[in-house]
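I opened this notebook to keep track of what I looked up, entry by entry. I begin with the contact between the chains, then turn to salt bridges, and end with enclosed space.

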Amino acid sequence: MAEQPIKVVVGKPGLDGHDRGAKVVARALVEAGMEVVYLGLQQTPEAIVAAALEEDADVIGLSILSGAHMPHFRRVKELMDQQGLGDRLLTGGGIIPTKDQETLSGMGVGKLFGPGDDPQMIVAYIREWVKEHPRA
Amino acid sequence: MKKSIPEDLWKAFFQGDRLACARLITIAENRKERVPELRDALANRLGRAVRIGITGPPGVGKSTLTSLLALGMADAGHKVGIVAVDPSSPFSGGAFMGDRVRMEGLVGDQRIYMRSLASREGHGGLSPSTPDVADVLEGFGMDRILIETVGVGQAELDVLECTDLVVLVLQPSTGDAIQTMKAGIIEAADLIVVNKADLPGKDVVLNSLRFLFGMGLTKKIRPVPPVMTTSAMQNEGLPELVAELEKLASVLLDSGRHADLRRARMEKEIREAISQCLWTAYDGLTGATKCIQEKARELVEKAESPYPFIRESCSRVRVQALDKEASNGHGA
């Protein structure tokens, strides 16, 4: 049987209106054969997790350029764990200092990406993660 | 190999757990070999929902309209499932699914369940798994299932085969498109919506539709569909549209047509499953796939008709009812 496509929910939490990066990454994932559910701008963590749940997504990708990454990632991860999505990958990108990345990583958030990172790195990371974490 | 769907997943599903529903939809979508198991478990819960296809060209507002319809139907006391299909890339196999961007009003609404599907191998406007996904949603308790196709042109008619009612969505300034569309989906619509009625050019579309249906070419086959105008943006015409659809739904249910459609779909499902099963068994016994490959090469080289080979192959087939156990080895 052919391998099933990886399903990724991509959204931007909060009020930051810069969605170019999220679109570029979403498109790269599509071109890598993934099925991307694009949520768009100004999402609440609740809405993002509710969408990921209904979509049974393997991965949630957040794009945050506003500096509010700490509360947003924390809240999304919290909701994921509460709603039975703790076994899915939470990743993302934006302007996120290394120190914050480390803190988030300690909370169970996956690798985060920044300006200048090749979208192919994200593709490779997601593929690898999904392969290493097969779902029941 | 033959691992069944876990009992606790079914239990959670029947208790109304949305994640369990999500996971069963994934099984319907990705694990074709488990569909019989899904059908067995859901059978006694199916048969009452009305499945409504929402189709039309790209960008006419299908997603926005679908979400507003869902809200209207939920307010009328229904539980609504949405299956929104977006196209898969023929090159990468990936898909960009943007329907949720237009459906923000549904967030957190427990009366509604929305799922995006990539069209995958489907070339008729839907994903091949759409009917199975709709079954899961109906089994979950949804009594109105809205099935939104990819943006279609003229003859993407898959939606006719798995819905009870079809809504065709158009927009102003598609006057010329009307002419080219009239031999396809337009004849099959049970209701036509001219959305974005706030834009100029609405009357041109309405006139073309009047012209088309006034000629009576389609009237002989089916009743002339109601034509409604809406503006999702200005929030106009939506309650009327919901009311009209509900009227069509009750006629469908009361007239027995709903049951007829279900029966016809079941017949088709049985025929297809049997032919698939027979083919798998035949191929397993005779190695037909490989044999056909070789034969085709030979026939093309010699510029010969395939029919002598086809007749010979068919004449050798003898159908015999086998014990289920004995036929399991072929992974049907």
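Before reading any area, I noted that buried area is the accessible area, taken with a 1.4 Å probe, that two parts lose on being put together, summed over both. I also noted that I am working with a predicted model.

Entry on the interface. With that definition in hand, I found that chain A and chain B bury about 2200 Å² between them, and that 51% of this area is on carbon and sulfur atoms. I then asked which three residues supply more than any others of the area that chain A buries against chain B. They turned out to be A:E35, A:Y38 and A:E54, which supply 28% of that area. Counting residues instead of area, I have 28 residues of chain A in contact with 28 residues of chain B.

Entry on polar pairs across the interface. I looked up the residue pairs in polar contact between chain A and chain B and found 17 of them, both partners being at pLDDT 80 or more. On the side of chain A that touches chain B, the elements giving two or more residues are α1 (20-31), β2 (35-43) and α2 (45-55) of chain A. The largest share of that side comes from β2(A), with eight residues. I sorted the residues of this side of chain A by character and obtained 15 nonpolar, six polar and seven charged.

Entry on salt bridges. Side chains of opposite charge can pair when their charged atoms come close. Across the interface of chain A and chain B I count five salt bridges. I looked up the pair A:E54 and B:R100, whose side chains meet in a salt bridge at 3.1 Å, N to O. Over all chains the count comes to 35 salt bridges. Within chain A, I noted that A:K7 forms a salt bridge with A:E55, with the closest N and O atoms 2.9 Å apart. Because A:K7 lies in strand β1 (residues 7-13) of chain A and A:E55 in helix α2 of chain A, this pair ties together parts that are 48 residues apart in sequence.

Entry on cavities. I found two cavities of 30 Å³ or more in the structure, and I followed up the second largest, which has a volume of about 30 Å³. Its lining consists of B:V35, B:L38, B:R39, B:L42, B:D132, B:D135 and B:V136. The elements giving two or more residues to this lining are α3 (35-42) and α5 (130-139) of chain B, and α3(B) gives the most, with four residues. I recorded the lining of the second largest cavity as four nonpolar, no polar and three charged residues.

How values were computed:
Residues are numbered from 1 along each chain as its sequence is written. Chains are lettered from A and ligands numbered from 1 in the order in which they are written. This is a predicted model: local features need pLDDT of at least 70, side-chain atom pairs count only at pLDDT 80 or more; totals for chains, interfaces and linings use all residues. Side-chain values use heavy atoms; hydrogens and water are left out. On a 1 Å grid over the protein atoms alone, a cavity is a set of points where a 1.4 Å probe fits but cannot get out, and a pocket is an open set with protein on both sides within 12 Å along at least five of seven lines; lining residues have an atom within 4 Å of a point. Grid points are joined across faces, edges and corners, and a volume is the space filled by probe spheres set on the points. Ala, Val, Leu, Ile, Met, Phe, Trp, Tyr, Cys and Pro count as nonpolar, Asp, Glu, Lys and Arg as charged, and the others, Gly among them, as polar. Contact means heavy atoms within 4.5 Å. A salt bridge is a side-chain nitrogen of Lys or Arg within 4 Å of a carboxyl oxygen of Asp or Glu. A polar contact is a pair of N or O atoms within 3.5 Å; within protein, one must be able to donate a hydrogen and the other to accept it, and residues adjacent in sequence count only if both atoms are side-chain atoms.
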